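Subject: The structure for you to look at

Hi,

Here is the structure I said I would pass on. Have a look at it first, then read my notes underneath.

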Amino acid sequence: MSKVKAKKHLGQHFLTDKNIAEKIVNSLIHTHKYNKVLEVGPGMGVLSDFLLKKEAFETYLIDIDTESFEYLHRQYPNLGDKLINADFLALQFKDIFLEPFAIIGNFPYNISSQILFKVLENRQQVSEVVGMFQKEVAERCVAKPGSKEYGILSVFLQAYYKCEYLFTVKAGVFNPPPKVLSAVIRLSRNEVADLDCDEKLFWQVVKAGFNQRRKTLSNALAGIIPKDKQDDTEVWTLRAERLSVGDFVKLTNLITISIKEN
């Protein structure tokens with residue numbers, strides 16, 4: 001069977017090491033007892049081979065690449081409509097999954113942040129994510145307050161998921177090899193259904209704080225709450241990178257109260 005050619009515009013780097021592929025699949029820990037798993041960008045099926053052997057999982061594959069889709073259709077003729085030729089970023093999850101499910105993949109690095117924000121948008125359905133990312137992105141996902149990697153993505157993901165850095169992967173196990181190191185992380189949905197604050201405002205506060213991360217929150221958030229409406233709480237003298245998820249929730253509630261009072 002002819003191989004699929006990796007396409008640069010799709011950010012394809014096919015994993016060739018089966019030991020790593022098996023390790024990635026075994027990193028699914030079955031959070032919330034889901035039984036459906038969606039693999040994103042399966043390419044030539046190196047992860048799929050191990051996923052399909054897992055009797056506990058009902059596996060779905062989605063790939064935007066028509067050549068990969070045709071290859072996988074020949075490789076797994078019994079998958080039927082569980083093999084999807086479509087853009088993951090445009091997929092309406094509720095059209096396929098009526099219950100919580102997991103996402104796994106050797107994700108294209110050129111859309112990795114978009115993938116993670118789509119997960120966040122569908123956090124009530126996506127119970128777990130295990131995937132390969134550029135190491136730099138993986139480090140941002142799990143970063144702690146005070147570190148240079150800590151930012152918008154860190155706060156949003158950690159608000160709703162337990163984020164774990166599992167292992168680093170060298171470039172030589174891909175075809176073609178990427179010019180960067182890679183890493184596998186796991187996101188496991190926590191018990192937070194909704195944050196204890198105005199979530200829309202929370203997202204605005206986090207984004208505004210980090211979009212001007214060198215400024216104190218007093219200056220960075222002046223567009224949301226003018227300085228003359230800010231109280232004398234110490235938080236205003238800090239930068240966004242110093243605040244935990246819980247701190248941002250408290251700050252959001254503080255702003256909500258100030259806006260109502262004024």
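A quick definition before anything else: a residue is called buried when its relative accessible area is under 20%. Also keep in mind that this is a predicted model.

Let's put that cut-off to work on Ser127, which is in strand β6 (residues 126-134). Is Ser127 buried or exposed? Its relative accessibility is 4%, so it counts as buried. If you leave aside the neighbours within four places in sequence, Ser127 is in contact with Thr31, His32, Tyr34, Pro100, Phe101, Tyr161, Leu187, Ser188 and Arg189. Try clicking through those on your screen.

Another serine to look at is Ser112, in helix α4 (residues 112-121). Ser112 has 3% relative accessibility and therefore counts as buried too. A polar atom of its side chain lies 3.2 Å from the backbone oxygen of Tyr109. Not counting residues up to four places away in sequence, Ser112 touches Phe133 and Val137.

Then there is Trp203, which you'll find in helix α7 (residues 199-211). Trp203 comes in at 17% relative accessibility, so it counts as buried as well. Which residues does Trp203 touch, once those up to four places away in sequence are not counted? They are Phe117, Leu120, Arg123, Phe156 and Tyr160. Trp203 and Thr252 are 49 residues apart along the chain, yet their C-alpha atoms are separated by 9.2 Å.

Now zoom out to the whole chain. It has 262 residues, and buried ones make up 52% of them. You can count nine helices and nine strands. The C-alpha atoms fill a box of roughly 70 × 40 × 30 Å along the principal axes. If you take the contacts between residues at least 6 apart in sequence, 67% of them join residues at least 24 apart. The chain exposes about 13,000 Å², with carbon and sulfur atoms supplying 49% of that area.

On to the pockets. The largest pocket holds about 660 Å³ of space. How many residues line it? The lining has 38, and those nearest the centre of the pocket are Gln12, Phe14, Gly41, Pro42 and Gly43. By class, the lining divides into 20 nonpolar, 12 polar and six charged residues. At least two lining residues come from each of β1 (14-15), β2 (36-40), α2 (46-51) and α3 (66-75). Helix α2 gives the largest share, three residues.

The second largest pocket has a volume of about 260 Å³. Among the residues lining it are Lys7, Lys8, His13, Asn110 and Lys179. This lining has five nonpolar, four polar and three charged residues. Tyr109 is part of the lining too, and you have already met its backbone oxygen next to the side chain of Ser112, at 3.2 Å from a polar atom there.

One last thing to look for is Pro176, another of the residues lining the second largest pocket. Pro176 is in the loop between β8 (174-175) and β9 (182-189). Check the peptide bond from Asn175 to Pro176: it is cis, with omega near -5°.

Have fun exploring!

Technical notes: Residues numbered from 1 in each chain as written. Predicted model: local features only at pLDDT ≥ 70, side-chain atom pairs only at ≥ 80, totals over all residues. Heavy atoms only, no water. 1 Å grid on protein atoms, 1.4 Å probe; cavity = no way out; pocket = protein on both sides within 12 Å on 5 of 7 lines; lining within 4 Å. Points joined across faces, edges and corners; volume = space filled by probe spheres on them. Helix = DSSP H or I, 4+ residues; strand = E, 2+ residues; numbered from the N terminus. Nonpolar A, V, L, I, M, F, W, Y, C, P; charged D, E, K, R; others polar. Buried < 20%, exposed > 50% of the residue type's maximum accessible area, 1.4 Å probe, protein only. Polar contact = N/O pair within 3.5 Å; in protein donor to acceptor, adjacent residues only side chain to side chain. Contact = heavy atoms within 4.5 Å. Areas by Shrake-Rupley, 256 points an atom, 1.4 Å probe, with all protein chains shown as cover.
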